[in-house]
Amino acid sequence: MKDLKTVIGFTIKEMAKRKSFVISTIIIVLIIIIGFNIPNIIKLFNGDNSSSGTQNKLLVVDSSNLFEGSLDTLNTMDLGYEVQTTKEALTFDDIKQQIDNEQIDEAIIVENNERTYKLRYIVKDMTMMNSMPQDLMDSINTIYTNLQISKLGLTEEQIQSLAPNFEYSIEQTEEQKVSGNLFAMMMLSIVLFYAIYFCAYQVSSSITTEKTSKIMETLVTSTSPRIIVLGKTIGIGLVGLLQVCLFVIIALISAKVFLEPGILESVLDMSQMTPYLAIITIVYFILGYSTYALLYALTGSTVGKPEDIQSANTPVAILAVIGFYLSYFTMMNPTSDLNLFAALFPISSPFCMPFRVMMGIASGGEVALSLVILVVTILIVAKVAIKIYSNAILNYGTKMSVRDMIKVYRDKNS
């Protein structure tokens with residue numbers, strides 16, 4: 001136990017000292033902070049004046065009196081405009097001059113050519129838009145429709161029958177009830193993949209680096225290869241878990257500080273973020289990381305030079321990508337048999353089962369079976385990885401082939 005703690009402590013210190021780890025952590029923290037500031041950045045570049053309480057000034061020119069003075073009601077519709085109306089026959093040049101003088105920001109010219117009506121929307125710059133805002137168009141259409149209906153002398157019941165108030169609902173034929181937010185599930189999948197894959201990758205990189213610097217010879221003479229594998233796996237896993245927790249904390253603080261109230265809740269269904277989901281996510285992170293970390297420990301021990309590590313890690317990387325995309329794409333049809341398979345298959349279950357839990361379709365039996373399969377897989381991978389690691393750790397020659405690894409594993413004298 002003392003040797004295991006020593007290896008874990010040594011691994012944590014080495015990880016914390018790595019420039020690549022520190023720089024990548026800082027970069028991701030900055031990306032998170034900037035990401036939550038995107039709405040504020042957009043407002044800044046668009047010259048948004050909502051913080052000062054002012055609204056864009058919109059001039060509506062209705063020289064033909066098509067709307068019979070009813071366009072003033074636009075000011076009551078909370079469209080974000082300070083609407084001015086006029087019946088004066090202003091030309092495009094007149095409007096341009098007012099916009100250039102900052103008397104107005106935008107304008108609409110209503111043209112009535114017999115039975116053809118045209119709205120000319122005039123702005124200073126079309127870079128940020130290619131048509132009239134939809135809410136403004138809908139409001140003008142509603143005003144005109146209500147004006148014409150009022151001229152027909154219809155009763156209140158007849159007017160209501162023209163625009164019935166339908167109630168909408170959505171139902172599914174599948175017996176399993178699916179709930180949750182697709183965006184939240186995608187984000188959970190991406191975060192888990194990053195946490196598991198990139199943290200596990202560090203195990204292989206660490207082993208190869210230490211072999212090159214001859215540190216491994218000192219470790220091997222001080223303790224057993226099994227302790228080294230477990231110590232490195234646990235040490236890097238703890239660092240990775242702390243790194244992910246840091247990212248989550250920074251994200252929550254950034255959302256609280258930089259986003260307007262209600263925006264995060266409108267994007268993510270926070271009701272799904274339960275303690276049970278948090279526990280399941282952490283458990284699958286630990287088990288998923290352990291699986292891939294042991295595989296990477298195996299590949300890291302088979303190479304003698306850092307430049308060979310990428311090619312050695314390719315098979316494991318392919319497995320991780322297959323597992324990620326298997327869970328990611330089956331999420332579009334979460335009640336399918338393929339999604340259930342992805343939640344049980346050990347290379348994809350760490351990415352898939354947490355959002356089956358989030359969607360409320362994972363039974364206790366499915367979760368238990370998935371965990372059992374994953375634990376059994378870890379034990380098998382650990383047995384193979386530790387045995388090959390024990391025989392290949394001091395290999396400083398060329399990269400071992402699959403045939404060499406099989407031979408090493410079958411060696412009774414190892």
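This report describes the fold, the nonpolar cores, one helix pair, the salt bridges and some loop residues of a predicted model.

**Overall make-up**

The chain is built from 16 helices and four strands, and of its 414 residues 40% are buried. When contacts in the chain between residues at least 6 apart in sequence are considered, 75% of them join residues at least 24 apart.

**Nonpolar cores**

In soluble globular proteins, nonpolar side chains tend to be buried together. In this model the largest nonpolar core holds 55 residues, and the members with the most contacts inside it are Val203, Tyr289, Tyr292, Leu294 and Phe351. At least two residues of this core are supplied by each of the helices α7 (182–212), α9 (225–258), α11 (275–301), α12 (309–330), α13 (337–344), α14 (349–359) and α15 (364–392). The largest share, 12 residues, is contributed by α11.

Tyrosine 289, named above among the residues with the most contacts inside the core, can serve as an example of the surroundings found there. Once its neighbours within four places in sequence are set aside, tyrosine 289 is in contact with Ile196, Cys199, Ala200, Val203, Lys232, Thr233, Ile236, Gly237 and Tyr284. Separate from the largest core there is a second one, made of 18 residues, which include Leu66, Leu71, Val83 and Ile108.

**The pair α12 and α13**

Two packed helices are described by the angle between their axes and the distance between the axes. For α12 and α13 the angle is about 145 degrees and the axes are 9 Å apart, while the crossing of the two helices is left-handed. On the side of α12 the contact is made by Leu326, Ser327 and Thr330, and on the side of α13 by Leu338, Asn339, Phe341 and Ala342. Sorted by class, the residues of this contact are four nonpolar and three polar, with no charged residue among them.

**Salt bridges**

Side chains of opposite charge can pair when their charged atoms come close. A search of the whole structure yields four salt bridges, and the table lists three pairs, including the distance between nitrogen and oxygen for each.

| Pair | N to O distance |
|---|---|
| Lysine 96 and aspartate 100 | 2.9 Å |
| Arginine 120 and glutamate 111 | 3.0 Å |
| Glutamate 366 and arginine 356 | 3.2 Å |

Lysine 96 and aspartate 100 both belong to helix α4 (residues 92–100), where they stand four residues apart, which is about one turn of the helix. Lysine 96 counts as partly exposed because its relative accessibility is 43%, and aspartate 100, at 40% relative accessibility, is likewise placed in the partly exposed class.

In the pair of arginine 120 and glutamate 111, arginine 120 has a relative accessibility of 26% and therefore counts as partly exposed. Glutamate 111, with a relative accessibility of 21%, is also partly exposed, a value to be read against the limit of under 20% that defines a buried residue.

The bridge between glutamate 366 and arginine 356 involves two helices: glutamate 366 lies in α15 and arginine 356 in α14, so the pair ties together parts that are 10 residues apart in sequence. Both glutamate 366 and arginine 356 are buried.

**The loop between β1 and β2**

Most residues other than glycine have a negative phi, and most peptide bonds are trans. Asparagine 65, which is not a glycine, nevertheless has a positive phi of about 55 degrees. Asparagine 65 is found in the loop between β1 (56–61) and β2 (81–86), and it counts as partly exposed because its relative accessibility is 30%.

Glutamate 68 also has a positive phi, near 50 degrees, in a residue other than glycine, and its place is in the loop between β1 and β2. With a relative accessible area of 42%, glutamate 68 is partly exposed.

Threonine 73 is located in the loop between β1 and β2 as well, and its relative accessible area of 37% makes it partly exposed. The C-alpha atom of threonine 73 is separated by 8.9 Å from that of valine 83, the two residues being 10 residues apart along the chain. Val83 is also one of the residues of the second nonpolar core.

Key. Residues numbered from 1 in each chain as written. Predicted model: local features only at pLDDT ≥ 70, side-chain atom pairs only at ≥ 80, totals over all residues. Heavy atoms only, no water. Core = buried A, V, L, I, M, F, W, Y, C linked by side-chain atoms within 4.5 Å. Buried < 20%, exposed > 50% of the residue type's maximum accessible area, 1.4 Å probe, protein only. Contact = heavy atoms within 4.5 Å. Axes fitted to C-alpha atoms, helices over the stretch in contact; angles between N-to-C directions. Left-handed = near helix turned anticlockwise from the far one by under 90°. Nonpolar A, V, L, I, M, F, W, Y, C, P; charged D, E, K, R; others polar. Salt bridge = Lys/Arg side-chain N within 4 Å of Asp/Glu carboxyl O.
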